[in-house]
Amino acid sequence: MFDTLIIMLDATLRVSTPLILAALAGLYAERSGIVDIGLEGKILGSAFAAAAGAAVFGSAWIGLACGVLASIVLALIHGFACITHRGDHIVSGVAINTIVAGLTVTLGLDWFGMGGQTPTLSGDQRFTEITLPFADALRDVPVIGQIYSNLLSGHNIIVYLAFLMVPATYWIIYKTRFGLRLRAVGENPHAVDTAGISVAWIRYRALIVCGILCGIAGAYLSTAHNAGFLKDMSAGKGYMALAALIFGKWRPVPVLFACLLFGFLDAVAVRLQGVVIPGMGEVPVQLIEVLPYVLTVLLLAGFIGKAVAPKAVGRPYVKERA
Amino acid sequence: MTNNKTPYAIELRDISKRFGAVQANKDICLQVPAGTVHGIIGENGAGKSTLMSIIYGFYEADSGHIEVDGQIVDIRNSQDAIKAGIGMVHQHFMLVENFTVLENVMLGAEGGALLQQGMDAARAELKRLAHEYSLDIDVDAVVEELPVGLQQRVEILKALYRGARILILDEPTGVLTPQEADHLFRILRSLTEQGVTVLLITHKLREILASTTNVSVMRQGEMVAHRETANTDKEELAELMVGKKVRLKVDKDEATPAEVFLSAKHLSQLDSQGVKRLKDVSLELRAGEILGIAGVSGNGQSELLNVLSGITPLDEGEIQFAGQTITASAPKNAAELRDLKMAHVPEDRHKMGLVTGFEAYEAAVLGYHNSDAYNGKILMNRKAMLEECNSRMAAWDVRPPNPHLKTANFSGGNQQKIVIAREVEQNPDVLLIGQPTRGVDIGAIENIHEQIVKLRDSGKAILLVSVELDEIMALSDRILVMFDGAVVGELDAKDADERTLGLMMANAYNEDQKGAAQ
């Protein structure tokens, strides 16, 4: 039983990683007042670019750089539409998602000719598991050893990075000048403008950070979690991250727990695949996969209190006649 | 102006600014000696706020320049203004509501990439400022939990923290109680004692006289006069503000007021901030008369119209209309009142009178769109709507007479005719009409005025709200003057002249002057 739990929690960490990165990405965007439904597209675009880069150059790190770059470009397009041209945030985000879904497959076919996939990655083309110090030695110590060696050790570097990003984000948001301005611009851009700070520049910077984090999430999917790019491999992770962001009320630590919860449900879904419950037959996996969304709706509907979004989120900033 | 050896703290030369067709500021010149409170007074829309936005870098002037301490400064954005030592307290506070006082004050002047150090410094500096100017505040309080007066104090502290030597306050007392306002003026006085120069923008004469050294008057985008406050009085300022305008002539016979159609008793209303906008207003509206409501804009006329027409509920008092009693606990909404034959032409036709994206024939039935005349069994009766619109356009001389033109594309006067025609053609018993000729050209004004008089002569009751004194005097049979949410005077139109009304509008009309006027 304990072993099963460790295995499930281990899977939870792996599945949660892209969610955490994407949700934190969304946190920067939305705290600055930009609704980013395009998280999904950025993850997918980055997954493709990372796998392609890794396949061509033979390095997971170069792949990561390609993924991050692609994601930043997409974030800047979103910024250009929403900040510079005051477009509708949802429309722009959906457009990015749609374009990326088609573009990745098209480019994949053209470049690799493998039905839209990238070549299978191996060796240095992937991020491999890191064994923490003494993990092997401690493996046989009951409980603590198992937790350390089997749960905490043996993940790739991006998993550790994702978890480190949570305190880092907390620190940036609450303890730095950039964070103060970021929070202010999402609440009352007029106050920021009259304080002599450029609203657009802060929002662009927030979107660049958002792009970087989504880029890492995408690269994780194709070069760490899997060994190559598959069509639509982001599979709604961007939307789930958005749900986790709302669930976590736009705060780094609660967002982490929301992501872990969703990741755990995902791990349960995988675990329950093919399991037969007496009298009911096989558990429909779809039922469990839908749980995170159902949970979000239910919990937001009354159990965790009102989720108060940054006040200016989704609203283009226009200087008004004072 | 006085001869002042030291350079002026701030000097404006020939500032002009145009928004599309509106000349918001025209060749504005202003000299403000250091360490004084300088009032800028004018009616709403006179261009005061635009001018201040130019000084603070929110807009760039089309021409002209600004000097601070004798040096020409180039102010392109708020940052430049802050650097030049100019601080602004906006009419609508520029505060992040879920931030603490400290965070709000620091925003934009954090003193480094990390907050901690700057926070300690800001805390110390705020303590010093609080001591020096007696501006005490709990720096760790969250702004949205503070009363309005203290929020304003945060705005002042923000400016001082940035080293402002020139402080602009835009309508600072609009949201304050009289006590808070008095306290503000004490603060301003102590600021000037420390060498800060204050520009006070307001349309309230009392505040100008109570707190300024000099005063400049703006009217329709122009600076029309400069006075030392000690050498002027309410009377003169009111006249300068309102100005002498070309008298409009309306041919009408003596009114024959009959039975009371609408009576309001002790109406009061609070705004969302809890400030009383309407104070114990009582009035009677009789068949066959036009009752004019005069007043400087923003003294409760809009609230009165909204309450009478059912757009906003009243907080105290009662309205008797068409055999019904309307109170706070038994309200009637605008649609119900329409059914009782009360029509309303709102003050702002773009926001409340029309849907500017609608075609004329659609706009022409708004508010009456559920009426049987325009509806078939399931769908709306487009043909009936079009016919109605066509006949009204002919009767009211709307140009171009095209029912399919979007209302946004008609001129102001023709838009207004569409709105007034819509309300009048329903044959109401009571017509509430706000600013009937705002932004309307001369020809259309005459036409609209004639129609209003015609409606009166057919035995209807009309309540006219206008900030145009000429219009009030030309149309009304009886005039009520509003000031600060209350009715402060009533005149028969025959006894009304500009001077008396101006004094009443400034609430400066006491018994002595009444005697002198007669």
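Two residues count as being in contact here if their C-beta atoms, placed from the backbone, lie within 7 Å. Keep that in mind as you look around this structure, which is a predicted model.

**One residue and its neighbours**

Let's start with A:A244. Leaving aside residues up to four places away in sequence, A:A244 touches A:L19, A:A23, A:V255, A:A258, A:C259 and A:F262. Two of these names come back when we turn to the nonpolar core: A:A244 and A:A23 are among the residues with the most contacts inside the largest one, together with A:A22 and A:L213. That core has 234 residues. Which helix gives the most to this core? It is helix α10 of chain A, residues 199-225, with 15 residues. Chain B takes part too, since the core draws at least three residues from each of domain 1 and domain 2 of chain B.

**Two helices of chain A**

Now find helix α2 (residues 39-57) and helix α3 (residues 60-84) of chain A. They pack at an angle of about 145 degrees, and their axes are 7 Å apart. Is the crossing of α2(A) and α3(A) left-handed or right-handed? It is right-handed. Where these helices touch, 17 residues are nonpolar, seven are polar and one is charged.

**Where the chains meet**

Chain B uses 26 residues to contact 18 residues of chain A. On the chain B side, each of the helices α1 (48-55), α2 (78-83), α3 (101-106) and α4 (115-133) supplies at least two residues. The largest share of that side comes from α2(B), with three residues.

**Inside chain B**

Chain B itself is divided into domain 1 (8-242) and domain 2 (260-353 + 428-517). Taken over C-alpha atoms, the centres of the two domains are separated by 33 Å. Eleven residues of domain 1 are in contact with twelve residues of domain 2. On the domain 1 side, helix α8 of chain B, residues 234-242, gives the most, with five residues.

**Residue classes side by side**

The table sets out the classes for the three contacts described above.

| Contact | Nonpolar | Polar | Charged |
|---|---|---|---|
| α2(A) with α3(A) | 17 residues | seven residues | one residue |
| Side of chain B that touches chain A | twelve residues | ten residues | four residues |
| Side of domain 1 of chain B that touches domain 2 of chain B | five residues | two residues | four residues |

Terms used:
Residues are numbered from 1 along each chain as its sequence is written. Chains are lettered from A and ligands numbered from 1 in the order in which they are written. This is a predicted model: local features need pLDDT of at least 70, side-chain atom pairs count only at pLDDT 80 or more; totals for chains, interfaces and linings use all residues. Helices (H or I, at least four residues) and strands (E, at least two) are DSSP runs, numbered from the N terminus. Ala, Val, Leu, Ile, Met, Phe, Trp, Tyr, Cys and Pro count as nonpolar, Asp, Glu, Lys and Arg as charged, and the others, Gly among them, as polar. Axes are lines fitted to C-alpha atoms, for helices over the stretch in contact, and angles run from 0 to 180 degrees between N-to-C directions. A crossing is left-handed if the near helix is turned anticlockwise from the far one by less than a right angle, and right-handed if clockwise. A nonpolar core is a set of buried Ala, Val, Leu, Ile, Met, Phe, Trp, Tyr and Cys residues joined through C-beta atoms within 7 Å. A residue is buried if 20 or more other C-beta atoms lie within 10 Å of its own, exposed if 12 or fewer, and partly exposed in between; C-beta atoms are placed from the backbone. Domain bounds come from an automatic or database domain assignment.
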